[in-house]
There are 2 protein chains.
Amino acid sequence: MSSPEVDHPSPWPADTGRRATVLDSAMLTFARFGYRKTSMEEVARAARISRPGLYFLFSSKETLFRAAVGQALDRDLAAVEAVLADPGKPLRDRLVEAFDNWAGRYVGPLTSDVAIVIDDNPDLLGEVIETPRRRFEELITDAIATESDREVALAQTMISTSIGLKHQVSSREAYLERLKVAIDLLLR
Amino acid sequence: MSSPEVDHPSPWPADTGRRATVLDSAMLTFARFGYRKTSMEEVARAARISRPGLYFLFSSKETLFRAAVGQALDRDLAAVEAVLADPGKPLRDRLVEAFDNWAGRYVGPLTSDVAIVIDDNPDLLGEVIETPRRRFEELITDAIATESDREVALAQTMISTSIGLKHQVSSREAYLERLKVAIDLLLR
DNA sequence: TACAGATCAGACAATATTTGTTTAGTAAGT
DNA sequence: ACTTACTAAACAAATATTGTCTGATCTGTA
């Protein structure tokens, strides 16, 4: 996802910021209503462009969704990277923030929608989501290994806990609360 | 809405609690997705009955929506009535609680907004919403007139402020906070 | 001015979804 | 065995959505 993943391969250079802006609106709308209940009309309205204009940028609803998820993941990953690199905070706080940025942001209807689209088209969204996922695991592992000299197993356990939490919990607050407890327990 | 407003006039006495339960589920679903994006299938699933079973209780989606909003409003109005009648609290606190029950209950992103569902579908609800609305105004006016001997204009201003606030604010907390300030100013 | 790129609004056919109804069946109480 | 209160499955009709096309419109550039 680091390279823009051009859906409609456009030879013109000018449409750079436009796509990103549209993807932001799309992500907000998808996050609010879920994939199924979001229409292209609504995304277009949110992005304040016409529906045909939206199809000019993204050839289908699914493509748009993939791109939106991709951009969101990229952004989250960048945030995670920045947070973990900040030397001013204790490891525990950096980890909490990192997980919050990664998994906490879209707790709710979107999580299941992403899963559904993955099922529908495992190869395409699979790549989109698996690469950042592996990178996240790497970052967490590095942060823990560097700082406190613990094993890789610790990082993996933490990630598993976070995933489990996301399935149990229905709000970001609840997620964060229980995550803090878990991290304190694991980091002890 | 005090009388159950029987859609499918049922001569059998046994279906009393069932309707109310189904209406609760319906209200939750409508509040979450909005009228348009809620299907009868979803309401039925939420209420854990079959879709034909749902049509047996309510003859159309519109009727169901009206009944659900009606029940919610009845409930809120009863809470308002109880709060205002409580002699143990100063007028100011009773008013704050009353407004919170009436207008504040469904403000916010998490538990979606009944008031907005209502605003989005004014045509579907004429009578259903106007009567409780007038009754609420009456209750507030009475509370103020009885206790502090102020004019009707004061009550109306308070209600207008509350409505305006609801449109400006995005969380129940923010609504409450600003409402308190407004009531203190008005009641001075 | 003339042109090209990037839109837009409107309309369209092909699907998909939803509504409201009907059927046939079942489990529980009498 | 009969009634009440459902259910699941299927259906036609209405409505919504997708993806595409056409013919304008606006903007910047030559």
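These questions and answers look at cores and helices in a predicted model.

Local features need pLDDT of at least 70, side-chain atom pairs count only at pLDDT 80 or more, and totals for chains, interfaces and linings use all residues. Residues are numbered from 1 along each chain as its sequence is written, with chains lettered from A and ligands numbered from 1 in the order written.

Q: Which helix gives the most to the largest nonpolar core?
A: A nonpolar core is a set of buried Ala, Val, Leu, Ile, Met, Phe, Trp, Tyr and Cys residues joined through C-beta atoms within 7 Å. Buried means 20 or more other C-beta atoms within 10 Å of the residue's own, with C-beta atoms placed from the backbone. The largest core has 40 residues. With 11 residues, the top contributor is α4(A).

Q: On which side or sides of α2(B) do the buried residues B:Val43, B:Ala44 and B:Ala47 lie?
A: Helices are DSSP runs (H or I, at least four residues), numbered from the N terminus. Residues three or four places apart in an α-helix point the same way, because there are 3.6 residues a turn. Here the arc, taken from the directions from the helix axis to the C-beta atoms, is only 100 degrees, so the three lie on the same side.

Q: How are α8(A) and α9(A) oriented, roughly parallel or roughly antiparallel?
A: Axes are lines fitted to C-alpha atoms over the stretch in contact, and angles run from 0 to 180 degrees between N-to-C directions. These helices pack at about 155 degrees, with axes 10 Å apart. Angles under 35 degrees count as roughly parallel and over 145 as roughly antiparallel. Therefore α8(A) and α9(A) are roughly antiparallel.

Definitions and conventions
A residue is buried if 20 or more other C-beta atoms lie within 10 Å of its own, exposed if 12 or fewer, and partly exposed in between; C-beta atoms are placed from the backbone. Helices (H or I, at least four residues) and strands (E, at least two) are DSSP runs, numbered from the N terminus. Angles under 35 degrees count as roughly parallel, over 145 as roughly antiparallel, 65 to 115 as roughly perpendicular and the rest as oblique.
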